[in-house]
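Student: I'd like to go through this one by asking how each label is earned. Can we set the values against the cut-offs as we go?

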Amino acid sequence: MKNIFYLSMILFTSLFFTSCEKDDDHNTVVAPDTYMFERDGMSTVSFPGQTCRLQMAKDIYDAMNVENAATVSEFLTMFNDGSGFTYNYTCGKNVGGKTAASPTASSTVKFQFEDMFTVLVDEVYPNWMSTASVGAAGQITTSSGSTYQVDGKGLEIDQAFIKGLMGAMVVDQMNNNYLTATKLDGDGTTNNTDGLGAGEYTSMEHYWDEGYGYLYGYNNEHVGGTDNNANGPAEGNGVLVNKYLKKLNEGSHPGIADVIYDAFKLGRAAIVAGDYTLRNAQAAIIQEHVDKIIAQKAIDYLTGGAETISSGAPREDSFHALSEGYGFVLSLQFTSYFTNSEVNTMLDAMMDGDGLWDISADDLSNMAADISAAAGL
């Protein structure tokens, strides 16, 4: 109830601010009903690189869930080169080049992701069907009958990887790169429309669209599917942030999807109108609420793991939630709440000693409380 009330106040404040801006100095800027912008009757919205990377991330994650699917070298080729997949990508993009790649990200983080492939291949794959135990990788079976593969500290590498990419690729590229004034107004950027033909866009328009693409750009059409996150404010397809945007919108944070989507539309319309003050205000709204998605899920998974441990259930029953929580904690350094050093301290605490085999419910609850306080949740 506290979270819902708090978010409701934020949503009201954000919408009130935007409304006032439009009614006063920015009354000429009108956002369209959907994220559609055209020049001479043809769409100027383009984010194919983001769509490609979001699908590649899912393909890597899917491979991590299959015994002996790839060697370390083959995983690194997929991650860093964007090749070696079952599907022959021709977009020329890759995930690794956009992992912790913003100007504010720590250069150490990408290596953490690459190390996950080594742990998976060298420790988990050889023990895929063996029963995991303290210090020994293998398979666990929960009380509900679900099975998961973990390393010697109880961590599911695939979950740490994909939840970590929530922040390290999606949030970092969106909030710490493409939607920043530094990028949008940087050297070589122009919003001059002189001489542009039908469907052509300015570099500023394109940067904003690329930021939008990291949240809404997933579709699996090029691998035979029909899901498309650009069809609405929170479609929830794929395995990255839009999936959790939908979960929060339908759960603890009702209305958050419309606030973010409306800010993207109005910010793009402000660029077309040349109103950069309004544009920056919308970018701030997006960052505020996307950051909360990461923080809320870190809290949820850490709290859920703590409750499972406190209940007296088998320790292994907590590993899946805590592995997801580990990835979301890793992602927190790409929000406005925590630094790289602070996040590494939390991750080290989770893996200290025997890792998830012996971490206490109190330690997990305290960590969740610290995140809640920092995020105002």
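**Rings, helices and loops**

Tutor: Sure. Let's start with Tyr178 and Tyr207, both of which are buried. Bear in mind that this is a predicted model.

Student: How many aromatic pairs does a search of the whole structure find?

Tutor: The search turns up 21 aromatic pairs. Tyr178 and Tyr207 form one of them, with 6.1 Å centre to centre and 40° between the planes.

Student: Why is the pair of Tyr178 and Tyr207 called tilted?

Tutor: The centres have to lie within 6.5 Å, and 6.1 Å passes. Stacked needs planes under 30 degrees apart and edge-to-face needs over 60, so 40° leaves tilted.

Student: What makes Tyr178 and Tyr207 a link between distant parts of the chain?

Tutor: Tyr178 sits in helix H5 (residues 157–178) and Tyr207 in helix H7 (residues 203–216), 29 residues apart. Tyr207 has a charge over its ring too: Lys183 lies over the face, at 4.4 Å from the ring centre.

Student: Then what makes the pair of Tyr244 and Phe328 edge-to-face?

Tutor: The planes of Tyr244 and Phe328 are 80° apart, with 5.3 Å centre to centre. Since edge-to-face asks for over 60 degrees, 80° earns the label. Tyr244 belongs to helix H8 (residues 241–249) and Phe328 to helix H11 (residues 319–331), so this pair ties together parts 84 residues apart in sequence. Both Tyr244 and Phe328 are buried.

Student: Which residues do ring pairs link into a cluster?

Tutor: The cluster takes in Tyr35, Phe37, Phe47, Trp208, Tyr212, Tyr216, Tyr261 and Phe264.

Student: On to helix packing. Why are H4 and H5 called roughly antiparallel?

Tutor: The axes of H4 (residues 109–124) and H5 come within 10 Å and cross at roughly 170°. Angles over 145 degrees count as roughly antiparallel, so H4 gets that label relative to H5.

Student: What kinds of residues make up the contact of H4 with H5?

Tutor: Eleven are nonpolar, one is polar and none is charged. Phe113, Met116, Phe117, Val119, Leu120 and Val124 are on the H4 side, and they meet Ile157, Ala160, Phe161, Gly164, Leu165 and Ala168 of H5. Gly counts as polar, so Gly164 is the polar one here.

Student: How do you know whether Gln159 is buried or exposed?

Tutor: Its relative accessibility is 4%, and buried means under 20%, so Gln159 is buried. Gln159 is in helix H5. Not counting residues up to four places away in sequence, it touches Tyr61, Gly164, His320, Ser323 and Glu324.

Student: What about the loops: which label do Asn68 and Gly145 get?

Tutor: They fall on either side of the 50% cut-off. Asn68, at 51%, counts as exposed, while Gly145, at 49%, is partly exposed. Asn68 is in the loop between helix H2 (48–64) and helix H3 (72–81), and Gly145 in the loop between strand E3 (138–141) and strand E4 (147–150).

Student: What makes the phi of Asp40 worth a look?

Tutor: Most residues other than glycine have a negative phi. Phi of Asp40, however, is near 55°, a positive value. Asp40 lies in the loop between strand E1 (38–39) and strand E2 (42–43), and at 61% relative accessible area it is exposed. Asn68 also has phi near 55°.

Note on methods
Residues numbered from 1 in each chain as written. Predicted model: local features only at pLDDT ≥ 70, side-chain atom pairs only at ≥ 80, totals over all residues. Heavy atoms only, no water. Phe/Tyr/Trp six-rings, centres within 6.5 Å; stacked < 30°, edge-to-face > 60°. Helix = DSSP H or I, 4+ residues; strand = E, 2+ residues; numbered from the N terminus. Buried < 20%, exposed > 50% of the residue type's maximum accessible area, 1.4 Å probe, protein only. Lys NZ or Arg CZ within 6 Å of the ring centre and 35° of its normal. Contact = heavy atoms within 4.5 Å. Axes fitted to C-alpha atoms, helices over the stretch in contact; angles between N-to-C directions. Parallel < 35°, antiparallel > 145°, perpendicular 65-115°, else oblique.
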